[in-house]
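Work through these short exercises with the structure in view. Try each task before reading its solution.

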Amino acid sequence: MTNLRKKLITAVASGAILLNALTPLAFADTTIQISGNGSSSDNTANVSLDQSTTVVQNNTANVYNNVDVDADTGGNDAEDNTGGDVTIETGDADVDVDVSNTLNSNSATVDCCQTGDTEVLIQDNGTKSDNDANLNLTNDTFVSQDNYAYVKNDVDVDADTGDNDAKDNTGGDVTIETGDADVSVSLATLANANWANVSSDGNGGDLSLRIIGNGSNSDNTIKLWLENSVTLVQNNDAYVKNDVDVDADTGDNDAEDNTGGDVTIETGDANVDVDVDNAVNFNWADVNCVCLLEDLLAKIDGNGTNSDNDINAWLSFNEEEGS
């Protein structure tokens, strides 16, 4: 694993500290109670609790790095000298180019469930009473994370200690000694990381549905709709172009037409180190919204003769992930 990828994983993990923390408005404990009503009464309770959470995170980045470096210790001339030694000694041409692009990171944590306890109770109503409790609990969570990155790195490096001339010298030794041409280029692009945690965080709550102790010939109905929907979309689009042109030269030295001495040309080393690392388009998601409440109790007990008692519960959970 490269250091860049390690940094990415660290950045995404630590993103939990710097993320957008969205906790929907928590439902408090919900209690629906129809109790103690007289005979032949008609009692209805309708409750609808809707909760919708939408998170949209978009990033667009356009980066163009143009680096042109020329390091030159050569191009020296020693010509037409008479009666002595001729020496050309050049130093080192060292170039170090470091380009690092870090862009486009989304982090989100969303609590997707209702957190309070829910109790629906139809109790101790009189004979021939008609009692209805209708409860609708809806949670909708939508998280969208989009990244687009365009990165172009254009690096042109020329390190030259050569191209020295010692010509037409008379009566001495001729020496050309060049230093090293060292080039180090590092390109690192870290782009497009999505981190999403959509969960109930263990706060589902309890659900209790009870029809108990109602009189004879009573008509008692509890209808419950509990729906939880989660949609998570993570999209990444990255275009990365790295263009690296490196020339390290210690040669192309001339020692011609010299008379009366030794001629020496000694060149240093030409060292080139190019490191290109692209880490783009990473998605991480943890979706755990099976929050159909911690404990479910549905109870019909102790009702009178010829009573009509119904508990109807629809529990629906829909989870969609796309990337």
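**Exercise 1.** Place A188: which strand holds it, and is A188 buried or exposed?

*Solution.* This is a predicted model.
- Step 1: find the strand. A188 belongs to β11, which covers residues 181–199.
- Step 2: read the relative accessible area. For A188 the value is 15%.
- Step 3: apply the cut-off. Buried means under 20%, so A188 is buried.
- Step 4: look along the chain. N278 is 90 residues away from A188, yet their C-alpha atoms are separated by 5.9 Å.

**Exercise 2.** Describe the open sheet of 3 strands: in what order do the strands come?

*Solution.*
- Step 1: list the order. It is β5-β10-β15, with parallel pairing.
- Step 2: find the edges. β5 (86–89) and β15 (263–266) each have a single partner strand, so one side of each lacks a neighbour in the sheet.
- Step 3: check the twist. From one strand to the next it averages 0°.
- Step 4: count the bridges. Strand β10 (residues 174–177) is joined to β15 by 4 bridges.
- Step 5: pick a bridge pair. T175 has T264 in β15 as its bridge partner.

**Exercise 3.** Which residues form a nonpolar patch on the surface with V274?

*Solution.*
- Step 1: name the members. V272 and V276 join V274 in the patch.
- Step 2: give the area. Together the three valines have about 220 Å² of accessible area.
- Step 3: locate V274. It lies in β16, residues 270–288.
- Step 4: classify V274. Its relative accessible area is 39%. That falls between the cut-offs of 20% and 50%, so V274 is partly exposed.

Definitions and conventions
Residues are numbered from 1 along each chain as its sequence is written. This is a predicted model: local features need pLDDT of at least 70, side-chain atom pairs count only at pLDDT 80 or more; totals for chains, interfaces and linings use all residues. Side-chain values use heavy atoms; hydrogens and water are left out. Helices (H or I, at least four residues) and strands (E, at least two) are DSSP runs, numbered from the N terminus. Buried means under 20% relative accessible area, exposed over 50%, partly exposed in between (1.4 Å probe, protein chains only). Two strands pair if DSSP finds at least two bridges between them. Axes are lines fitted to C-alpha atoms, for helices over the stretch in contact, and angles run from 0 to 180 degrees between N-to-C directions. Patches are made of residues with over 30% relative accessible area and no salt bridge: like charges are joined within 9 Å, nonpolar side chains (Val, Leu, Ile, Met, Phe, Trp, Tyr) within 5 Å. Accessible areas come from the Shrake-Rupley method with a 1.4 Å probe; for residues, only the protein chains shown count as cover. A salt bridge is a side-chain nitrogen of Lys or Arg within 4 Å of a carboxyl oxygen of Asp or Glu.
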